[in-house]
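The following paragraphs accompany a structural model and are meant to be read beside it. They take up the bound ligands, then the cysteines, and then several individual positions in the chain.

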Amino acid sequence: MIVTMERLATEEQIQAVVANVAETQNNTELIRGVERTVIGIVGDHINEDLRSGLESLPGVEAVVRITRSYKLGSREFHPTDTVVNVKGVKIGGGNNPVVMAGPCSVESEEQLMATANAVKEAGATVLRGGAFKPRTTPYSFRGLKEEGLKLLKAASDETGLPVITELMSEKDVELVAKYSDIIQIGTRNAQNFMLLDAVGKLDTPVLLKRGMANSYDDWLNAAEYILAGGNRNVILCERGIRTFESYTRNTLDIAAIPVIHRLSHLPVVADPSHGTGRWYLVLPMGVAAIAAGADGLLIEVHPNPDHAMSDGPQSVTFENFRRLMDGVRSVSDVGAGNRVPLRAQSQSI
Ligand code: PEP
Ligand code: MN
């Protein structure tokens, strides 16, 4: 439920609403906008009595129930964009697109350092690299684990780039959190609710990939687990879904970007590497995602993709990464323009 306060509501009137809700054992969250304050209410005791009671309080303009199954992540609950701040790198809210780039897997110090320096020079502001790798077959390379995390930390110290890396299991939460600035939850764990609960208890920002067969509703409800646990620093990542097309590894759903911006206040980034599975599609689809309003990209880059230990066919060389960055810069104004909502045409979604 959302309480919209009148434009000139006093602090006393706002606090009276909060106190009233506290008596009903529901929780409140204050969202102070430039124009007015909105009070979001979540809990198990939301009913018509509460709604009509709040509506009659002084300073209250309107009280509406949130009809969607996810609440904290919804645009209704939180009308202004969330900006996730990762060591000064701001993701979302119309800030410059943030490109997170690096190898699919951390393979060696040499490979990681060369890649980290190259992507930084080209304009990436976050370093990616997998140390715990979810692989389709157990016989593939599954990552350097803690040794990989240590290499990421060293690369971060040397370049100043914050690090994003995947967490696959609840048992590694502390270990991965210790070495990362953003925790990635992969597509295969996108609905591992115990894992989502666990990262919901942390302060570390979480990038939640879309499950490969998740609807927008499934995806936003998965994010809701993290938000409901208390962690409000959630970034959503469109990484392609399974469709009948088999030429590409997945189908990158670019429409997801403006749809999620409409439904949710959380930042949305795109991963055209996993979204296509082919290196030569990473540039056009990455640029298209930025033009569609994505808040950033997640890109796999390798010094020698033909010899990568994972995801070589979709990894770009340093040179192609530089070209991608040129493309991103050339359309970032288009993307910013597309984040401005159109005037309403109908009542549907
Ligand atoms: C990755 O980013 O390396 C990865 C495994 O991604 P996804 O979960 O999207 O497959
Ligand atoms: Mn990969």
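**Ligands, cysteines and buried positions**

In this predicted model, ligand 1 is surrounded by 13 residues, and the closest of them are R128, K133, T187, K209 and R239. By character, the shell around ligand 1 comprises 7 charged, 4 polar and 2 nonpolar residues.

Several side chains reach oxygen atoms of ligand 1. An N or O atom in the side chain of R128 is 2.8 Å from one oxygen atom of the ligand. For K209, a polar side-chain atom lies 2.9 Å from an oxygen atom of ligand 1, and for R188 the corresponding distance is 3.1 Å. Taken alone, ligand 1 exposes 290 Å², of which the protein buries 98%.

The second ligand is a manganese ion. Which residues coordinate the manganese ion (ligand 2)? The donors are C104 through SG, H274 through NE2, E300 through OE and D311 through OD, at 2.0 to 2.4 Å. Along the sequence, these donor residues follow the spacing C-x169-H-x25-E-x10-D. Distant parts of the chain are linked by the pair C104 and E300, which are 196 residues apart. C104 belongs to the loop between β7 (98–102) and α3 (109–122), whereas E300 is in strand β14 (residues 296–300). Both of these donors, C104 and E300, are buried.

C104 also leads to the matter of the cysteines. C104 counts as buried because its relative accessibility is 3%, below the 20% cut-off. C237 is in no disulfide, and the nearest cysteine sulfur, that of C104, is 13 Å away. A disulfide is a covalent bond between the sulfur atoms of two cysteines. Across the whole structure, a search finds 0 disulfides. C237 is likewise buried, because its relative accessibility is 0%.

Strand β14 provides the way to the next position. Is D295, in the loop between α10 (279–291) and β14, buried or exposed? With a relative accessibility of 2%, D295 counts as buried. The side chain of D295 nevertheless has a polar partner: it makes a polar contact with the side chain of R339, at 3.1 Å.

Another loop residue, N26, is found between α1 (11–22) and β2 (27–32). Because its relative accessibility is 4%, N26 counts as buried. Two contacts of the N26 side chain can be followed in the model. One is a polar contact with the side chain of T24, at 2.9 Å. The other involves the backbone oxygen of H45, which lies 2.9 Å from a polar atom of the N26 side chain.

The last position is in a helix. G327 lies in α11, which covers residues 318–338. At 13% relative accessibility, G327 counts as buried, because the value falls under the 20% cut-off. G327 can also be placed relative to A291: the two residues are 36 apart in sequence, and their C-alpha atoms are 9.8 Å apart in space.

In review, the reader may return to the two ligands. Ligand 1 has 98% of its area buried by the protein, with R128, R188 and K209 each placing a polar side-chain atom at 2.8 Å, 3.1 Å and 2.9 Å, respectively, from an oxygen atom of the ligand. The manganese ion is held by donors from C104, H274, E300 and D311.

Notes: Residues are numbered from 1 along each chain as its sequence is written. Chains are lettered from A and ligands numbered from 1 in the order in which they are written. This is a predicted model: local features need pLDDT of at least 70, side-chain atom pairs count only at pLDDT 80 or more; totals for chains, interfaces and linings use all residues. Side-chain values use heavy atoms; hydrogens and water are left out. A disulfide is a pair of cysteine sulfur atoms within 2.5 Å. Buried means under 20% relative accessible area, exposed over 50%, partly exposed in between (1.4 Å probe, protein chains only). A residue is near a molecule or strand if one of its heavy atoms lies within 4 Å of it. A polar contact is a pair of N or O atoms within 3.5 Å; within protein, one must be able to donate a hydrogen and the other to accept it, and residues adjacent in sequence count only if both atoms are side-chain atoms. Accessible areas come from the Shrake-Rupley method with a 1.4 Å probe; for residues, only the protein chains shown count as cover. Ala, Val, Leu, Ile, Met, Phe, Trp, Tyr, Cys and Pro count as nonpolar, Asp, Glu, Lys and Arg as charged, and the others, Gly among them, as polar. Donors are N, O and S atoms within 2.8 Å of the metal (3.2 Å for Na, K and Ca); water is not among the atoms, so sites may look incomplete. Helices (H or I, at least four residues) and strands (E, at least two) are DSSP runs, numbered from the N terminus.
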